[in-house]
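Biologist: Could you bring the model up and talk me through it? I would like to begin with one helix and then step back to the whole chain.

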Amino acid sequence: MGWYSLFLLTLFITGCSISYKFSGASIDYASTKTFSISLFNNQAPLVYPPLSQSFTEALRELFRRQTRLEEVSQGGDFTLEGAIVGYDLAPVAVQENSYALLTRFTMTVSVHFENNANPKKNFDRTFSAYTDFESSSLFSDVQDDLVRQLTEDITKQIFNATAEDW
């Protein structure tokens with residue numbers, strides 16, 4: 001009787017499974033099939049020329065990778081547009097001699113989102129991220145890596161607010 005019970009228990013455990021899907025999006029694909037993302041112009045007082053194109057492309061790539069939505073040039077079911085409105089450096093951790101050990105680099109992006117399948121979810125919002133780096137480093141030497149970090153952070157925030165509905 002012991003073997004039979006063990007067999008039934010094993011069959012029950014292996015026959016029942018719990019499945020979780022972490023696709024990165026909670027989109028109603030029955031009503032939402034396309035997305036369009038306009039170029040995010042750089043309107044920040046401090047302009048980094050490649051930022052506009054690289055930020056926009058990173059956001060598009062995130063939607064291509066994490067959803068089943070088809071990208072269209074305009075008029076998508078999800079429509080995103082906006083601008084890079086902040087690209088700032090500020091001293092952090094100032095010492096007695098007025099020398100900052102760290103510099104904070106902050107990037108801010110303004111987003112207008114339209115969900116044409118569900119207009120109640122439309123929004124205008126600002127997303128921001130920052131990172132600190134040693135003041136002994138020249139910003140021009142670390143800028144590309146820092147921009148990549150902040151772009152990844154902000155595009156994930158935007159994706160979470162739109163496709164994941166957080």
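**One helix, then the chain**

Modeller: In this predicted model, the residues L51, S52, F55, T56, L59, R60, L62 and F63 of helix α2 are buried.

Biologist: Why are they on the same side of α2?

Modeller: Around the axis they cover an arc of only 160°, which puts them on the same side of α2.

Biologist: And what do the buried residues of α2 pack against?

Modeller: Their partners are the strands β1 (34-37), β2 (41-42), β3 (70-71), β4 (78-94) and β5 (100-115), together with the helix α3 (139-162).

Biologist: How many residues does α2 have, and how far does it reach?

Modeller: Helix α2 runs over residues 51-66, which is 16 residues, and from its first C-alpha to its last it reaches 22 Å, close to the 22 Å expected at 1.5 Å a residue.

Biologist: Changing topic, what pattern does the protein chain follow along the sequence?

Modeller: The chain has three helices and six strands, and read along the sequence they come in the pattern α-β-β-α-β-β-β-β-α.

Biologist: How much of the chain counts as buried?

Modeller: Of its 166 residues, 36% count as buried, while the accessible surface of the chain comes to about 10,400 Å², with 54% of that belonging to carbon and sulfur atoms.

Biologist: What is the mean pLDDT?

Modeller: The mean for the protein chain is 87, and 84% of its residues reach 70 or more. Over residues 6-23, however, the pLDDT is below 50, and beyond near neighbours in sequence this stretch has one contact in the model.

Note on methods. Residues numbered from 1 in each chain as written. Predicted model: local features only at pLDDT ≥ 70, side-chain atom pairs only at ≥ 80, totals over all residues. Heavy atoms only, no water. Helix = DSSP H or I, 4+ residues; strand = E, 2+ residues; numbered from the N terminus. Buried < 20%, exposed > 50% of the residue type's maximum accessible area, 1.4 Å probe, protein only. Areas by Shrake-Rupley, 256 points an atom, 1.4 Å probe, with all protein chains shown as cover. Expected span 1.5 Å × (residues − 1). Arc of directions from axis to C-beta. Contact = heavy atoms within 4.5 Å. pLDDT = per-residue confidence, 0-100.
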